[in-house]
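Trainee: I should like to learn how to read a structure of this kind. Where should one begin?

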Amino acid sequence: CVTPVTFQNDTYYTIKIGELIKNNGIDMMDHFSWHENLSYTYPHWLYDFFTYLIYSIVGFKGVYIITCVLSAILGISIFLVNSKLTKSKSISFIITMGVIYALKPYIAARAQLVTFILFIWELFFIEKFIENRKIGYGIGLILISTLIANLHVATWPFFFVLFLPYIVEYLIAIVSDIIIYKKCKMLVIKHKMKKTYLTKDKNLKIKDKRENKNNSYKLVIKRRENVKFLIIIMIICAFTGLLTPLGDTPYTYLYKTMKGNTTQNISEHLPLTLINNTNAMCVLVIFLAILIFTKTKIRLSDLFMLSGLCYLMFSTRRQFSIFVLICSVILTKFIVDLINTYTKKGIKEFEEAFRNVLVVISLTVLIGLMSYDAVKPKLDDKFVDSKSYPAEACDYILENIDLSKARFYNEYNYGSYMLFRGIPVFIDSRADLYAPEFSGNKDEDIFTDFINTSSVSKFYEDTFKKYNITHIITGKNSKTNMLITKTHDKNYKEIYSDDNFVIYERLSANE
């Protein structure tokens, strides 16, 4: 229901890079652009490799099926983690359905789908390790860190972000205990009161009030001693970045990305605007309503997690997926506490009602109808959308143009499809590859040249002359094509055209 049939542009280069890894290994160089000697970091080499293996056996259908399977595993993982941490299967089921709906735009044949699964299980292992300090959970965290460093290195630093709320809560609890102790000691000296009462009984009383959910405070701060062992696990995980064939990439990738300008020009990296994201607005309203208008309390670590991920979400809209994924556990806790607070029998009554045969049948029918409604529009979809990707134009190029002499200028969104077809490109959706922070070429910023040219802030001929472009493939509605058409530029000879794309030959290319 949630997995799109039509692939995104990243899927095409993923398959091609996986093929390259299988045949030639990882040499940290690009082989799909006609630009020479560009360095490439292979940020999700392991996912690329396995995706290609599936494609080589079953084709696009196999990639689609495995994406459906991963989507199902994600949903099941969200349900299991929520139900195990909150002890409520009914609420976890409802929350899981909502989370999957919210994550629908992020479900694709991309490495992020695997990391979503790993992140939700990381949260579970952290919580359980703090609860009982079983070594198995610690080993699980180390394995997850190693997998993320190889499957999707760009998200590896976020692995450590999930540790921070627990560590900060622990440090604040320690500071609170120290402050209480010091204040009690001063009272002993000032009032000559019995030390045993103030430093022991009263100290324990204040501490118990701070940690007890039945107190009048909205915030629950609990000193959980196993957090200090969690810090050791986190330090060990920091060295798992060395367990990759990518050198120091896990440690430098995020810094280089933030240093460059690629994030400022890619839609999913731009700041989130609430008015344009109804899902985010609804989720925030639910959290605020529960916190403000009910007696539900929040753990300090959950507050830090919620506010920290909220900040990341507003910084870059793609982080909405992580916000919904991780904070689903916090929301489930809130709702369970809400039911326990405002009902006589608490969550048990709700769980019993949810297991009623009529309720189960009604839910099954409802979900069946919703599933049918979601699947029906996809029945005629194809893996390659000819309106978004130049499938027929690529057929023409491969049949009529000598690729060994051609230098194509193409647009960002379909460069990946072109390289998948074996056509060397000017740029594709591996944005970092074309930025000087990654490419190794400090004198040439290909990504910025493309952005300036496509937005018409730079005259297209200046860019084409700089890179000695021989051919241009562009969408018919692109600004570049409109300029060439409206000005009747005689330097550009139209050699191919269909409903969506046009190819020009640049006559002055070799002058």
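Mentor: Please keep in mind that this is a predicted model. One may begin with the surface: the accessible surface of the chain comes to about 25,600 Å², and carbon and sulfur atoms account for 61% of that area.

Trainee: What share of the residues in the chain is buried?

Mentor: Of the 511 residues, 50% are buried. As for overall dimensions, the C-alpha atoms occupy a box of roughly 95 × 60 × 45 Å along the principal axes.

Trainee: How many helices and strands does the chain have?

Mentor: The chain has 22 helices and six strands. Among contacts with a separation of 6 or more, 71% join residues that lie 24 or more positions apart.

Trainee: How should one read the packing of a pair of helices, for instance α3 and α5?

Mentor: One looks at the angle and the distance between the axes. Helix α3 spans residues 60-86 and helix α5 residues 112-132; their axes lie 9 Å apart, at an angle of about 15°. Angles under 35 degrees count as roughly parallel, and α3 and α5 are therefore roughly parallel to each other.

Trainee: In which hand does α3 pass α5?

Mentor: The crossing is left-handed.

Trainee: Which residues meet where α3 contacts α5?

Mentor: On the α3 side they include Leu70, Ile73, Leu74, Ser77 and Lys84; on the α5 side they include Phe116, Ile120, Trp121, Phe124 and Glu127. By class, the residues of this contact comprise 14 nonpolar, three polar and three charged.

Note on methods
Residues are numbered from 1 along each chain as its sequence is written. This is a predicted model: local features need pLDDT of at least 70, side-chain atom pairs count only at pLDDT 80 or more; totals for chains, interfaces and linings use all residues. Side-chain values use heavy atoms; hydrogens and water are left out. Axes are lines fitted to C-alpha atoms, for helices over the stretch in contact, and angles run from 0 to 180 degrees between N-to-C directions. Helices (H or I, at least four residues) and strands (E, at least two) are DSSP runs, numbered from the N terminus. Angles under 35 degrees count as roughly parallel, over 145 as roughly antiparallel, 65 to 115 as roughly perpendicular and the rest as oblique. A crossing is left-handed if the near helix is turned anticlockwise from the far one by less than a right angle, and right-handed if clockwise. Contact means heavy atoms within 4.5 Å. Ala, Val, Leu, Ile, Met, Phe, Trp, Tyr, Cys and Pro count as nonpolar, Asp, Glu, Lys and Arg as charged, and the others, Gly among them, as polar. Buried means under 20% relative accessible area, exposed over 50%, partly exposed in between (1.4 Å probe, protein chains only). Accessible areas come from the Shrake-Rupley method with a 1.4 Å probe; for residues, only the protein chains shown count as cover.
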